[in-house]
Amino acid sequence: MSKEEFNPKILGFLCNWCCYAAADAAGVSRYQYPPNLRTIRVMCTGRLDPAFVMRGLVEGADAIFTGG
Amino acid sequence: MAKAKQKKTGAPAGKSAKTAVQSGSMMVVGGGVAGVQAALDLTELGYYVYLVEKTAAVGGAMAQLDKTFPTNDCSL
Amino acid sequence: MVEAGRSPNIEILSNTDLLSLTGKPGNFKAELQIRPRYIDADKCTACGLCTTYCPRHLADSFNEGLDLTRPIHIDYPQAVPASYFIDPDACLYLQHDTCQICVPVCRANAIDFSQQPRNISLDIGAVVMAPGFGRVPEEALTQYGYGQHPDIVTSIEFERLLNPAGPFEGEVRCLSDKRHPKKIAFIQCVGSRDLGCGNGYCSSVCCMYAIKEAMVAKEHDPECEITIYYMDIRTQGKDFDAARIKAEEHYGIKFVRARVADVIPWKKNLKLTYATMDGVHRFDAHDMVVLSVGLDSPTGARELADITGVELDKYDFCKTDFFEPLASSREGVYAIGAFQGPKDIPESVTQSSAAAGISAGLIKGQRGQGIVVKKYPKEKPFKAKDEPRIGVFVCHCGINIAGVVDVQKVDDYTKDMEGVVYHAQSLYSCSQDAQKVIKEMIQLHDLNRVVIAACSPRTHEPLFQETLKDAGLNRSLFEMVNIRDHCSWVHANEPDKATDKSMDLVRMGIAKARHIQPLPEQTVPVTDKAIVIGGGIAGMTAALNLAEQGFQTTIIEKNDKLGGHLLDQRYTLSGEDMAGYLKKVTDLVAENRKVDVLTNSELAGLSGFVGNFSSVVRTGKGKKTGEQTIDHGVIVIATGGREHAPVTVLGKKVPQSDKFITQRELEIRLAGQGKNRAPKSVVMIQCAGSRGDDLAYCSKTCCTQAVKNSLKIKEINPASQVIVLYRDMRTYGFAEDAYREAREKGVIFIPYSMDKKPGLSARGSKAEVSFHDPILQDNVTINPDLVALSVGTVPEDTAELSKLLKVPVNADGFYLEAHVKLRPVEMPVAGVYLCGLAHSPKPLDEIIVQAQAAAAKAAIPLVKGKVSVDPIVSSIDKDKCIGCRLCATLCPYQAIEMVKVDKKPKAETVVASCKACGICAAHCPTFAISMGGFTNEQITSQIEAFGEALEEA
């Protein structure tokens with residue numbers, strides 16, 4: 001694989017009730033998607049302190065994904 | 001157990017109906033959405049439930065539905 | 001459904017037939033036979049390997065025969081029990097003694113051909129029958145060409161076509177040549193309202209599901225042209241009419257009132273012949289024709305009736321009493337769902353709760369006798385300073401994970417991580433033997449945190465937490481990493497990257513685990529009393545049911561006497577005496593020591609939360625007003641409704657004349673003794689003030705009421721001329737029989753449309769009605785003796801109470817339930833329940849059932865005696881809290897209260913109301929709020945671990 005290819009590391013915050021459930025459903029249905037996402041489960045995206053997003057970027061994430 | 005029951009039947013008829021050990025269990029026949037809901041509510045109300053289903057799995061017709069109106073929730 | 005599978009107090013007996021039922025309420029004995037499934041459900045992991053090896057094909061009945069499956073299969077992945085089974089009629093081994101390929105294929109050794117049918121006998125207190133509905137007779141389908149062309153399908157087949165798990169993965173395609181249909185026709189009333197096939201009743205649900213299917217099909221392909229051919233569109237349910245309007249106006253679905261004569265294959269298409277109201281025959285070509293099939297009585301209803309000894313009605317549904325809608329002819333045996341009569345999901349679910357409540361009341365002495373209450377060992381003492389001793393278990397899930405992810409590598413990866421003292425792999429970590437291993441390892445290595453890398457915490461966390469509790473660990477000391485649903489299943493073609501992702505996620509999980517603290521199990525005690533607001537039939541029924549289950553209940557009625565809207569009703573459609581019934585119920589309330597009644601009273605204030613409400617009730621008027629406080633655990637709203645008094649009817653002011661009366665007034669007149677109480681000529685105007693006229697919605701009961709009064713008039717004076725002007729006659733369910741009877745007795749039913757509204761006027765002492773007759777194709781003017789307006793139902797004032805209880809109302813002023821389908825009698829605020837006309841307009845039998853259901857649901861927290869709270873709720877550090885109230889303002893569940901500590905305002909969590917969303921914690925300016933299981937520290941450590949993993953890569 002060429003090193004030039006952009007291969008972002010994405011940090012995701014997923015709501016337990018919707019997006020995390022949807023990610024489970026994607027698995028059950030065997031939908032294939034790129035393996036660039038690393039996820040953290042929260043009970044609701046309302047839990048997201050903006051500080052978490054900043055911290056994620058500081059730690060080297062190319063993008064932050066929130067699903068809720 | 002059997003002995004205990006025999007003793008009970010020896011009691012006067014009127015009384016035995018009351019004193020005979022009543023069952024704390026319920027039976028729900030049919031494992032569709034109605035049956036499953038009834039079973040869940042019965043356990044919540046403090047009873048043990050036998051959920052009897054003809055086929056291999058509970059769910060009934062509702063499991064076949066794609067979406068339900070109006071929220072379009074997945075029917076599972 | 002999954003909940004039922006998980007409950008320790010529900011034993012699911014699948015593949016089981018009822019053989020006999022003997023005994024009496026409280027002491028029934030049931031004999032059952034369990035047919036073999038040839039697979040040990042405890043061992044089966046639902047991996048699906050067996051199905052791929054099974055050599056024989058079989059039509060998939062779950063997909064309505066539209067797809068293929070194998071004799072060894074599972075209907076759908078989420079089935080409960082989640083175990084495959086073997087169809088004995090199709091299996092090569094069971095039929096021909098060959099094959100057995102599946103036996104060595106199964107890695108869990110779950111296949112067992114030695115299983116035999118097994119008979120068991122059960123002692124039970126009561127029986128609830130919910131066998132569902134059956135299929136309509138074949139001739140109802142063949143008259144529209146079903147079977148002659150593959151593109152004529154039933155609505156259930158069409159439902160499977162729409163489903164992503166269906167035969168074309170959710171794409172709507174013609175079964176003939178797989179093309180996308182551009183023109184679809186729905187034919188309504190197939191197997192319903194049709195004496196030809198023996199089903200004279202209306203199935204009640206087909207109009208609504210046809211509209212739903214049409215809308216979903218339009219979403220799949222907006223270009224597709226869809227026409228629904230109907231007799232009457234019966235969308236009488238709550239907010240259903242709004243969907244019908246949306247279907248027409250927003251989605252462009254066409255509605256044509258017509259009788260379809262036949263459907264004939266015509267080149268590639270299907271030619272549909274239909275007759276409209278004016279008597280003209282028309283033709284139209286469609287790519288696909290969907291038959292909206294009705295609900296028949298369940299298959300085997302007669303056998304079931306023989307076995308259980310209950311009587312059936314003439315259509316083979318269970319015979320029940322109008323005033324006791326769920327009671328079958330055998331005491332202690334209740335019928336619910338479609339077996340009690342065709343109905344939709346919310347009504348079925350309502351009946352389920354109602355039946356649960358009634359049967360619970362029947363044997364309340366045995367409450368709690370049979371249930372299993374699990375005991376756990378005492379929790380090991382835990383010190384915050386204790387070094388984390390983490391145990392990691394990486395699951396293979398058969399080949400589900402190990403087939404993609406390098407489990408060995410993930411396991412090795414955890415070896416040197418800080419705090420990890422034990423790590424291992426397991427083939428199926430959810431299996432019973434794995435739980436034993438986990439428990440042993442917790443004890444052997446003195447683990448104080450457990451991380452399991454397997455599937456989803458949403459499905460499996462409770463299982464593993466049970467294991468932790470069994471091992472004496474607090475269940476919160478647990479973290480799950482999802483390397484199946486989020487890794488192996490979705491990155492099946494990139495095993496290396498899936499392994500990398502798994503390692504990252506495990507690292508993040510372990511990082512979080514180091515910071516996990518035990519959380520206390522919290523429970524809140526409950527005051528085991530109820531209040532019911534509203535003393536109409538709904539309120540009284542709910543109160544009597546709560547009393548029957550053993551709970552003291554207070555009815556709060558604003559008027560000086562009980563009865564509500566039923567005080568104005570005289571007789572039912574089938575002629576039962578309404579006043580007599582009302583008197584009976586009112587007497588029962590008066591006699592019952594567990595029911596207190598406060599008339600001339602209303603709720604003036606409310607505080608507290610589920611289990612611990614405190615209400616202020618104001619009684620009397622003016623100077624005599626008194627107030628009292630009642631403590632209670634739950635509230636049932638039954639504030640009822642009344643007949644609407646429309647300002648305008650059909651767009652114009654109601655004529656001021658005694659010739660114009662409402663259906664309620666007509667009923668009182670007909671029930672009286674007056675000589676001329678049945679006038680010589682009557683015109684009834686349906687939807688007078690409803691469905692977009694004065695009120696936006698359909699009031700559900702007026703069509704049946706009009707038919708009821710028409711029949712009464714004909715009974716008193718057969719020579720009376722009765723004309724009913726209607727938009728759609730909504731005599732759903734068995735009321736259709738009465739509608740037919742009315743027509744047979746000479747009542748004339750004439751439809752009108754909104755662009756040709758009837759005109760109403762009063763000239764002197766005469767009433768005048770002019771309308772367009774679609775059969776004559778001409779305008780007609782008549783002067784009837786009486787005009788009866790079907791004016792609909794409005795809720796009693798809900799504005800004030802809804803604010804007091806903090807519960808929502810819909811646009812029409814009716815209370816809005818928590819979930820229209822699955823939680824129809826619960827309000828979004830915990831501990832508040834709803835029934836009767838305050839929910840939506842409905843007939844008496846439905847009100848009774850709904851009240852019974854609300855009582856059953858309301859009894860649940862009272863039975864439990866305590867409300868338990870998930871330990872993941874928020875907790876507030878009062879030292880750090882500065883009392884800014886930001887969290888209290890933001891909380892969507894009113895779960896934060898302001899209290900005074902040393903005269904300073906401080907926030908406090910109402911644990912019973914908290915849903916753990918964390919909005920408060922995210923906004924607290926002083927970081928005083930912590931979320932159990934999702935602390936700042938834990939989430940930050942996960943983010944850090946994410947960063948560390950990046951550095952490694």
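Me: What covers the buried residues of α19(C)?
Reply: The cover includes α18 (663-671), β34 (681-685), β35 (721-726), α20 (735-744) and β36 (748-751) of chain C. Contact here means heavy atoms within 4.5 Å. Happily, the names are easy to decode: helices (H or I, at least four residues) and strands (E, at least two) are DSSP runs, numbered from the N terminus.

Me: Before we go on, what kind of model is this?
Reply: It is a predicted model, in which local features need pLDDT of at least 70 and side-chain atom pairs count only at pLDDT 80 or more, while totals for chains, interfaces and linings use all residues. Residues are numbered from 1 along each chain as its sequence is written, chains are lettered from A and ligands numbered from 1 in the order in which they are written, and side-chain values use heavy atoms, with hydrogens and water left out.

Me: What makes α19(C) mostly covered?
Reply: Twelve of its 15 residues are buried, that is, under 20% relative accessible area (exposed is over 50%, partly exposed in between; 1.4 Å probe, protein chains only). Among them are Cys702(C), Val707(C), Leu711(C) and Ile713(C).

Me: How do you know that the span of helix α19 of chain C agrees with its 15 residues?
Reply: The expected span is 1.5 Å times one less than the number of residues. For residues 702-716 that gives 21 Å, and the end C-alpha atoms are 21 Å apart, so the two agree.

Me: Why is the pair Asp232(C) and Arg257(C) called a salt bridge?
Reply: The rule asks for a side-chain nitrogen of Lys or Arg within 4 Å of a carboxyl oxygen of Asp or Glu. Their N to O distance is 3.4 Å, so the pair qualifies. Asp232(C) lies in the loop between β12 (225-230) and α8 (240-249) and Arg257(C) in strand β13 (residues 254-266), so the bridge ties together parts 25 residues apart in sequence.

Me: Why does Asp232(C) count as buried?
Reply: Its relative accessibility is 3%, so it passes the test. Arg257(C), with 18%, is buried as well.

Me: What makes Asp241(C) and Arg730(C) a salt bridge?
Reply: Their closest N and O atoms are 3.1 Å apart, which meets the cut-off. Asp241(C) sits in helix α8 and Arg730(C) in the loop between β35 and α20, so this pair ties together parts 489 residues apart in sequence. Both residues are buried.

Me: Which residues are linked in a network of salt bridges?
Reply: The network includes Asp232(C), Arg257(C), Asp241(C) and Arg730(C), along with Arg193(C) and Glu736(C).
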